[in-house]
Amino acid sequence: MNLMVNIRVALRALRSNMLRSFLTVLGIVIGVAAVVALLGVGRGATASITDRVAGMGSNLVSISAQMRFGPGGSGSSASLLFEDYEMIQANVDGIASVSPIYTSQLTVSSSTRTSYYSISGVTPNYLDVRSYEIAQGRFISEEDYLANKQVAVLGSTVAEDIFEGLNPIGRKLKIKSVEFTVIGVFAESGSSGGMSSGDEIIIVPLSTGYAKLFGSSAMSNGQQTLSTIYISAASAETVDQVISDCELILRSDHALTLSEDLPFSVSSQAQALETLSEVSGTLTAFLGAIAAISLLVGGIGIMNIELVSVTERTREIGLRKAVGATRKAILVQFLIETLTLAILGGVIGVFVGSLIALIFTWTGIITAKITFDVIALAFFSAVFIGLFFGLYPAYQASKLRPIEALRYK
Amino acid sequence: MIEVKDIYKIYKLGDQEVHALDGVSITIRDGEMVSIMGPSGSGKSTLMAILGCLDIPTSGAYYIDGEEVEKMSEDQLANLRAHKIGFVFQQFNLLPRTSALENVMLPLQYDGLNTKLRIEKAKEALEIVGLAERMYHHPNQLSGGQQQRVAIARALVNEPAILLADEPTGNLDSRTGAEIIAMFQKLHKERHQTVVYVTHDSFTARHTERVIHLADGQVKREEIIADPLVAGVSHRPEDNNGYGKAVHVESKKKEKRA
């Protein structure tokens with residue numbers, strides 16, 4: 001009894017039961033394909049979020065006021081002051097660029113429509129810290145800033161909304177009741193993973209904003225306030241030093257002792273990235289759970305098909321034994337049968353799953369990322385399930401005496 | 001030669017012991033044609049399964065050509081089933097979705113013969129049972145009688161010393177049944193094939209040289225038939241008189257089922 005004979009017997013049995021063979025393969029294909037596609041797309045999504053945040057520059061440090069609702073119920077929040085910005089710029093080493101921002105929601109009207117937009121007052125070096133690109137026109141210049149010029153740079157969505165396809169450069173719009181001239185439009189940046197999108201903002205010179213737009217809400221005890229200060233550290237190594245220096249300066253500016261909580265958040269993009277990778281870890285675990293479920297469902301599919309045929313196959317085993325098959329011959333036959341089906345299903349499943357992931361990539365929804373470990377996980381789990389549920393009943397049946405197997409109902 | 005000595009087969013049903021075989025001893029010589037007859041529950045099918053090495057007795061000795069079956073390993077038993085014994089079942093037990101030829105080739109699959117030789121032998125066996133022209137038909141395309149003939153061809157394909165049949169006509173009408181018995185008689189006469197079959201019908205039983213009457217798991221008597229009936233020629237008597245009580249018991253049962 002050699003192996004070739006066994007293979008021949010097994011393939012003959014598979015061929016004479018095409019439908020059953022096909023259904024078993026299908027069950028494995030679905031299980032494997034689901035896992036490969038889901039994990040591929042999930043990992044792709046995670047990677048794209050992480051990449052986008054990393055692309056913002058890990059040298060970026062941002063300072064903003066923290067809303068505090070203390071037990072005293074005062075609800076007081078310290079204001080980040082323009083003066084803080086000046087102090088940081090003057091006193092902190094290891095900084096490439098510092099950019100103060102004041103942001104407010106204001107009404108914007110053109111000749112045809114009026115709506116609310118997020119208006120940010122910035123300094124001319126704003127583009128050093130935020131990686132927006134100018135698609136048309138130019139950004140705010142030193143001259144605009146110093147002369148309190150009424151000029152604005154628009155996000156791409158804003159420009160589209162307000163001017164409806166007309167070239168916005170040189171056109172006028174009113175913020176509150178103050179007339180501004182559009183000097184530039186940002187390139188479309190897409191959503192930036194939870195950060196405020198550059199597509200929906202209007203940028204004006206901070207000086208003009210203080211003078212004509214923000215009014216008293218931007219003032220605290222007679223001092224100009226800020227929403228955020230962005231600092232670009234000279235290098236990744238100086239980020240931690242910049243953060244601690246800024247915290248010291250803020251404490252002294254606001255007369256806080258070391259034991260008091262700092263009412264400002266001073267954080268680097270690297271820290272944000274850390275948080276984000278925790279989030280993406282959770283996401284991956286979640287996707288893994290979904291994959292495990294689809295594998296389970298696929299596995300149950302495989303199991304069902306194989307268990308349903310047990311009755312018939314038990315009698316077949318009885319008959320084969322009755323005409324002279326040894327127990328080993330029976331087991332080898334079933335091993336080869338199930339192995340053939342499981343591997344066939346596994347291979348097709350990997351292809352189908354990869355194809356689904358590729359379709360996601362081609363259509364631009366998500367760039368799927370299929371790695372070898374995903375393929376191996378899906379393939380080997382399905383093959384294992386297929387083998388187990390194919391072999392176990394055969395093993396049980398082969399232990400029966402021929403007459404018992406033949407009478408099996 | 002088959003020799004069975006004081007065989008018991010005891011099943012446990014709850015705390016009750018059922019003696020399917022209760023001390024059976026029989027001998028079947030080479031080239032003999034024998035029937036084992038008895039009502040249902042007499043233990044005849046159990047005896048047949050043991051003779052065919054498909055089941056093992058609770059106690060007792062069983063010799064095939066002088067070799068003691070109980071002492072054989074699983075693989076030796078498989079070898080015995082493959083080469084010494086051809087077994088025909090009441091329910092035919094053909095593999096579905098598989099051609100007559102491949103069904104007949106089944107016992108040869110485990111022999112490692114080359115495909116050409118296996119096909120040749122299977123065709124020969126199908127010719128013996130007169131089904132050569134239907135060898136590519138699947139079981140569901142064959143009549144009951146034809147299926148049973150395929151099963152006989154499968155039993156013959158390894159040229160076994162002993163052909164055993166458990167109620168081979170039980171699932172067939174009387175005319176087709178007669179054809180099957182005629183087949184056995186032909187094999188016996190022309191090839192000196194040892195044939196043992198089980199039946200509950202005394203008319204069918206009387207087509208052999210010797211009838212072993214079984215009841216309640218024991219051999220009640222052995223009957224030598226000096227002039228066996230000839231299948232397809234002899235007619236079943238109207239009243240079945242003189243063929244024993246078993247016939248009546250069975251026919252009543254059949255009426256009930258109908």
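These exercises walk through two chains of a predicted model and the places where their parts meet.

Residues are numbered from 1 along each chain as its sequence is written, and chains are lettered from A and ligands numbered from 1 in the order in which they are written. In this predicted model local features need pLDDT of at least 70, side-chain atom pairs count only at pLDDT 80 or more, and totals for chains, interfaces and linings use all residues.

**Exercise 1. Profile the chains**

Find how many helices and strands chain A has, and what percentage of its residues count as buried.

Step 1: Take helices (H or I, at least four residues) and strands (E, at least two) as DSSP runs, numbered from the N terminus. Chain A then has 13 helices and 13 strands, while chain B comes to eight helices and ten strands.

Step 2: Call a residue buried if 20 or more other C-beta atoms, placed from the backbone, lie within 10 Å of its own. This applies to 40% of the 409 residues of chain A and to 47% of the 258 residues of chain B.

Step 3: Count two residues as in contact if their C-beta atoms, placed from the backbone, lie within 7 Å. Among the contacts in chain A with a separation of 6 or more, 82% link residues 24 or more positions apart; in chain B, 69% of contacts between residues at least 6 apart in sequence join residues at least 24 apart.

**Exercise 2. Describe the side of chain A that touches chain B**

Work out which element gives the largest share of this side.

Step 1: The contact takes 20 residues from chain A and 21 residues from chain B.

Step 2: On the side of chain A, the elements giving two or more residues are α1 (3-15), α10 (310-322), α11 (327-362) and α13 (402-406). The largest share, four residues, belongs to α10(A).

Step 3: Sort by class: Ala, Val, Leu, Ile, Met, Phe, Trp, Tyr, Cys and Pro are nonpolar, Asp, Glu, Lys and Arg are charged, and the others, Gly among them, are polar. The side of chain A has eleven nonpolar, five polar and four charged residues.

**Exercise 3. Analyse a helix pair in chain B**

Decide whether α3(B) is roughly parallel or roughly antiparallel to α5(B).

Step 1: Fit axes as lines to C-alpha atoms over the stretch in contact, with angles from 0 to 180 degrees between N-to-C directions. The axes of α3 (residues 100-109) and α5 (residues 144-156) of chain B come within 7 Å and cross at roughly 30°.

Step 2: Angles under 35 degrees count as roughly parallel and those over 145 as roughly antiparallel, so α3(B) is roughly parallel to α5(B).

Step 3: From α3(B), B:A100, B:N103, B:V104, B:L106 and B:P107 meet B:V150, B:A153 and B:R154 of α5(B). These contact residues divide into six nonpolar, one polar and one charged.

**Exercise 4. Trace strands in chain A**

Identify the edge strands of the open sheet of three strands in chain A.

Step 1: Strands pair if DSSP finds at least two bridges between them. The sheet has the order β2-β11-β10, with antiparallel pairing.

Step 2: The edge strands are β2 (80-81) and β10 (219-220), each pairing on one side only.

Step 3: Two bridges join β10(A) to β11 (residues 223-226) of chain A, with A:S220 opposite A:Q223. Helix α3 (residues 82-91) of chain A packs on the sheet, touching β2 and β11, and its direction makes about 75° with that of β11(A).

How values were computed:
A residue is buried if 20 or more other C-beta atoms lie within 10 Å of its own, exposed if 12 or fewer, and partly exposed in between; C-beta atoms are placed from the backbone. Angles under 35 degrees count as roughly parallel, over 145 as roughly antiparallel, 65 to 115 as roughly perpendicular and the rest as oblique.
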